[in-house]
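Reader: Hi! I'm new to this one, could you walk me through it?
Author: Happy to, let's put it on screen.

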Amino acid sequence: MPLPVPSHVLVAFGGNAILKERQRGTADEQFANLEVALECVADLIQEGHRVIITHGNGPQVGVLMRQGEAAAEHVPEMPLDVLVAKTQGQIGYMIQHTLINIFRERQIKRNVVSVITQVVVDASDPAFSNPSKRVGRFYDRGAAEAMMAADPDLVMKEDSKRGWRRVVPSPEPIDVLEVDFVKEAYIRGDVVIACGGGGIPVMFSGGRYRGVEAVVDKDRASAVLAARCGVEVLLILTDVEQVYLDYTEPDQRGIEYMSVEEAMDHLRAGEFSEGSMRPKIEAAIEFLGRGGERVIITSLEKVRDALDGNTGTHMSHA
């Protein structure tokens, strides 16, 4: 079923909207990818919807980490929360710049604003005692063990026999500090870019907030932001047309519609992997549980068909 007009929509772009596999990651490549990806946002605006945008940042943070390591003898390396903030500014600018030009070509009169967004996490979250999110470059075993010996706080694990990588906690998002501004701006009609890379993780300690070395899942943060802003539709864009059962198996089958109860049954059955679809399904359940009305999961290439109700996986309460 097509979206009712008007609707409030949060569009969560996956990393492939900004950087394709096997691309080098140049600015020109990323701008060109966004020219294509952001047409769907312009379509939504022209149809009368109001839009918030979130996005991934994994490759961009990885580049900054490598740059920091390469120049460590000359300049101080920055902690992970600062790198997330840097990529929010970088990618936010790229999205703003691209959307403004698309809007001018279509004669759409809308402001576009990026918000450097802090996401609150809990110091008691069990993720801090079991870091699992892999970040940065690969190392051989010897280099990884030497790095951990030099820094007792550093945790590195082998990654699919490709080498060793740093792992950091991925705590659950609780709230978004800048949510009031985001909500005010998008209700006014501005297109708001927020929670880039899952937001900058911060925790409250000693009477003040402080950044932490962690990565918040982008889709889970998007669900919290969307619910807090009263958004009706969460649109999660990934690299597959639909959610699949028995994915990559000969009998894989797409899911056109899934209730919250059915989604929870599939999670309990272990249908969705942690490194792929599971966080998206959990984010969808979180959003609907906080009062959201509808979730659509689809690929960037099929987003128009999904918005018209012809493909994608659609989730709601009933």
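Reader: Let's begin with β10 and β11: how many residues lie between them in the hairpin?
Author: Two residues lie between β10 and β11 in that hairpin, and Gly 206 in the turn has a positive phi of about 60°. Strands here are DSSP runs of E with at least two residues, numbered from the N terminus. Before we go on: this is a predicted model, where local features need pLDDT of at least 70, side-chain atom pairs count only at pLDDT 80 or more, and totals for chains, interfaces and linings use all residues. Residues are numbered from 1 along each chain as its sequence is written, and side-chain values use heavy atoms, with hydrogens and water left out.

Reader: Thanks! How many bridges join β10 to β11?
Author: Four, and the two strands run antiparallel. Strands count as paired if DSSP finds at least two bridges between them. As an example, Met 203 has Arg 210 in β11 as its bridge partner.

Reader: And what's the strand order in the open sheet?
Author: The order is β8-β4-β10-β11, four strands with mixed pairing. At the edges are β8 (175-176) and β11, each pairing on one side only.

Reader: What about β4 and β8, in which sense do they pair?
Author: Antiparallel, over two bridges, with β4 covering residues 118-120. Val 120 stands opposite Asp 175 in β8.

Reader: Back to β11 for a second. Where does Tyr 209 sit, and is the residue buried or exposed?
Author: Tyr 209 is in β11, residues 208-211. Tyr 209 counts as partly exposed because its relative accessibility is 41%; buried means under 20% relative accessible area, exposed over 50%, and partly exposed in between (1.4 Å probe, protein chains only).

Reader: New topic: how many disulfides are there?
Author: Zero, after a search of the whole structure. A disulfide would be a pair of cysteine sulfur atoms within 2.5 Å.

Reader: Why does Cys 40 have no bond?
Author: Because the closest cysteine sulfur, in Cys 195, is 18 Å from the sulfur of Cys 40, too far for a bond. Cys 229 is in no disulfide either, with the nearest cysteine sulfur, that of Cys 195, 8.5 Å away. Cys 229 counts as buried, at 2% relative accessibility.

Reader: Last one: what does the side chain of Thr 54 contact?
Author: The side chain of Ser 222, through a polar contact of 2.8 Å. That term means a pair of N or O atoms within 3.5 Å; within protein, one must be able to donate a hydrogen and the other to accept it, and residues adjacent in sequence count only if both atoms are side-chain atoms. Thr 54 is in β2, residues 50-55, and counts as buried at 0% relative accessibility.
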